[in-house]
Amino acid sequence: MKPKREREKSDSASVSQDGVVVDSDPKRHKPIPPSASENPLLPGFNYGDEDEDDETLRPPPPRNGHTGTPNGNVVQQDENEDDDDDDEYPVDQFKRSRDIEVRRDCPYLDTVNRQVLDFDFERFCSVSLSNLNVYACLVCGKYYQGRGKKSHAYTHSLEAGHHVYINLRTEKVYCLPDGYEISDPSLDDIRHVLNPRFTEEQVEQLDKNKQWSRALDGSDYLPGMVGLNNIKETDFVNVTIQSLMRVTPLRNFFLIPKNYQHCKSPLVHRFGELTRKIWHARNFKGQVSPHEFLQAVMKASMKRFRIGAQSDPVEFMSWLLNTLHSDLRSSKKNSSIIHECFQGELEVVKEIPNKTIAEKKENGDDLDGPSKPTGGVTENNGVITETYRMPFLMLGLDLPPPPLFQDVMEKNIIPQVPLFNILKKFDGEMVTEVVRPRIARMRYRVTRLPQYIILHMRRFTKNNFFVEKNPTLVNFPVKNLELKDYIPLPTPKENERLRSKYDLIANVVHDGKPGEGSYRVFVQRKSEELWYEMQDLHVSETLPQMVALSEAYMQIYEQQQ
């Protein structure tokens with residue numbers, strides 16, 4: 001009986017060893033050669049990847065001797081190799097051999113070239129195009145996978161003689177092919193660029209900072225006022241991001257990843273990453289590429305917004321805010337930072353002639369549509385009146401049509417309209433006629449003002465043949481837009497005062513022909529109350545008077561506290 005028990009013990013030992021191995025890639029788990037572990041110069045030396053012991057990323061290996069690879073294929077493990085492993089190494093020695101030597105003195109640190117490092121692009125191996133376990137070569141800036149003997153990074157270290165690599169996920173730095181970890185505080189600036197970090201105290205001080213930062217190439221830039229790369233006709237994304245970066249609560253929320261760590265959406269995390277890069281004061285270069293964010297946008301919008309196709313920033317802003325809200329809201333409450341900043345409420349009175357109701361009933365169509373009436377439905381003189389409340393994130397303003405016939409002199413005159421004239425749409429009395437989904441007369445009244453109000457001037461009208469652009473200039477105040485003088489506002493509660501004064505913080509402008517052209521944005525820098533004009537990589541200071549002379553397309557106003 002005794003030999004049989006011993007046999008059972010040895011079987012159980014092999015199972016426990018399987019339990020220790022978390023990495024599911026069989027290529028990296030060759031038996032460790034005794035020469036490496038016995039070598040007194042390199043204690044616990046191993047070429048495998050100890051970083052990938054993260055069980056959240058990789059499934060534990062199945063017990064039937066099959067091992068899963070990252071792409072889901074199953075690879076048969078050599079059982080004889082496992083048995084040899086069991087005989088030669090006990091479990092505790094196997095654990096010890098996974099430890100990596102940490103050294104402070106690496107002779108190759110002077111080869112690190114910070115000028116070529118760019119962590120804005122997607123983290124994919126430049127050879128295998130895999131995003132698992134990717135390292136950046138700190139000498140040439142390229143991305144390679146793995147650190148084991150058969151990995152691309154190891155091969156690159158031998159072929160090119162580049163020896164210093166950083167793991168893009170764990171931020172640990174290694175020397176290859178020697179395989180030891182480098183612990184040196186001089187590499188902290190690279191870690192900060194790879195993943196910018198902010199404390200809550202730093203976030204609070206951001207709007208008081210007047211100091212310029214210097215990039216490695218000697219150019220100066222303002223944190224938060226950096227240019228964004230136009231990858232290919234992505235200026236509509238750039239102006240939207242630059243505008244949202246001025247919304248203080250939204251920016252502060254995304255600067256601290258702890259606030260949205262529960263969220264699984266890649267779009268939320270990429271937007272947070274981009275926010276931190278834009279406001280980071282220790283960047284190696286004075287601009288940022290929103291490459292990873294754009295990839296997340298393309299995936300989340302199912303290529304509705306994509307690189308290489310010009311889109312409308314108003315449509316993009318609306319889609320982005322709604323998507324971020326639905327990704328961020330928790331199951332307990334339906335609120336998110338997006339709704340706290342931008343959501344207001346309208347009261348809508350809809351008058352429908354009874355004739356169209358009868359037609360609808362004949363067709364068997366739904367009467368109410370998406371919004372349910374709250375104030376009830378009344379009928380008077382053959383007109384049915386519905387009253388209901390609806391939330392909004394953005395208010396659309398209709399521009400008066402430009403004059404149709406002009407003489408020689410009038411052609412030189414650009415039509416103008418004050419902002420207060422077009423805001424009358426929301427005074428509860430002015431009637432707006434709509435044709436779709438059915439003919440109706442609408443009246444709108446604002447019942448709750450948001451902290452940040454987004455206004456959108458409807459410049460573009462589409463018909464069956466082409467898109468027309470309305471060139472009318474809107475005259476608006478840059479400071480102290482007092483809404484209560486122009487539209488009736490709800491009376492505040494007893495201990496609250498009515499906050500109806502707004503200041504402009506961002507103004508998006510369209511230049512050129514409809515369907516073509518480009519977008520630029522004027523934004524305000526809070527610390528010095530200066531205005532900057534931003535178009536992709538170009539950032540220049542401008543006068544507040546110039547802001548008011550532009551063809552405004554979308555504006556963000558901030559409530560005065």
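How many nonpolar, polar and charged residues does the lining of the second largest cavity have? I put this at the head of the page, and before answering I note that I am working from a predicted model.

**Entry 1: the second largest cavity**

I looked up the lining by class and found that the residues divide into five nonpolar, two polar and four charged. The volume of the second largest cavity comes out at about 110 Å³. Among the residues that line this cavity I wrote down Leu-117, Asp-118, Phe-119 and Asp-120, together with Lys-277, Phe-284 and Lys-285. I then checked the domains, and domain 1 (102-192) and domain 2 (196-329) each give at least three residues to the lining.

**Entry 2: the largest cavity**

A search of the whole structure gave me five cavities of 30 Å³ or more, and the largest of them holds about 140 Å³ of space. Its lining is made of 15 residues, of which Asp-207, Arg-251, Trp-279, Arg-525 and Lys-526 are the closest to the centre. By class I find five nonpolar, five polar and five charged residues in the lining of the largest cavity. I also asked which elements contribute, and both α9 (248-255) and β26 (518-525) supply at least two residues of this lining.

**Entry 3: β26 and its neighbours**

Since β26 had come up at the largest cavity, I followed this strand further. Seven of its eight residues are buried, so β26 is largely enclosed by the rest of the structure. With strand β25 (residues 501-511) it pairs in the antiparallel sense over six bridges, and with strand β27 (residues 530-535) it pairs in the antiparallel sense over five bridges. I used Val-521 as a marker in β26: it stands opposite Val-508 and also opposite Met-534 in β27. Both pairings are hairpins: six residues lie between β25 and β26, where Gly-512 in the turn has a positive phi of about 100°, while four residues lie between β26 and β27, where Glu-529 in the turn has a positive phi of about 55°.

**Entry 4: the six-stranded sheet**

I traced an open sheet of six strands with mixed pairing, and its order reads β3-β8-β7-β6-β4-β5. Because β3 (102-103) and β5 (143-145) stand at the edges with a single partner strand each, one side of each is left without a neighbour in the sheet. At the β3 edge, the pairing with strand β8 (residues 180-182) is parallel over two bridges, and Arg-103 has Ile-182 in β8 as its bridge partner.

At the other edge, β4 and β5 pair in the antiparallel sense over three bridges, with Val-134 opposite Gln-145 in β5. Their hairpin has five residues between the strands, and Gly-141 takes a positive phi near 85° there. β4 also pairs with strand β6 (residues 164-167), in the antiparallel sense over three bridges, and the bridge partner of Cys-137 in β6 is Tyr-165.

For the side chains of strand β4 (residues 134-137), I noted that Val-134 and Ala-136 point one way and Tyr-135 and Cys-137 the other, and that all are buried. This fits the general pattern, in which the side chains of a regular strand alternate between the two faces of the sheet.

**Entry 5: helix α5**

Which residues of helix α5 (residues 152-160) are buried? I find Ala-153, Tyr-154, His-156 and Ser-157. Seen down the axis of α5, these buried residues fall within an arc of 160°, so they line one face of the helix. Leu-158 and Glu-159, on the other side of α5, are exposed.

Terms used: Residues are numbered from 1 along each chain as its sequence is written. This is a predicted model: local features need pLDDT of at least 70, side-chain atom pairs count only at pLDDT 80 or more; totals for chains, interfaces and linings use all residues. Side-chain values use heavy atoms; hydrogens and water are left out. On a 1 Å grid over the protein atoms alone, a cavity is a set of points where a 1.4 Å probe fits but cannot get out, and a pocket is an open set with protein on both sides within 12 Å along at least five of seven lines; lining residues have an atom within 4 Å of a point. Grid points are joined across faces, edges and corners, and a volume is the space filled by probe spheres set on the points. Ala, Val, Leu, Ile, Met, Phe, Trp, Tyr, Cys and Pro count as nonpolar, Asp, Glu, Lys and Arg as charged, and the others, Gly among them, as polar. Domain bounds come from an automatic or database domain assignment. Buried means under 20% relative accessible area, exposed over 50%, partly exposed in between (1.4 Å probe, protein chains only). Two strands pair if DSSP finds at least two bridges between them. The arc is that of the directions from the helix axis to the C-beta atoms.
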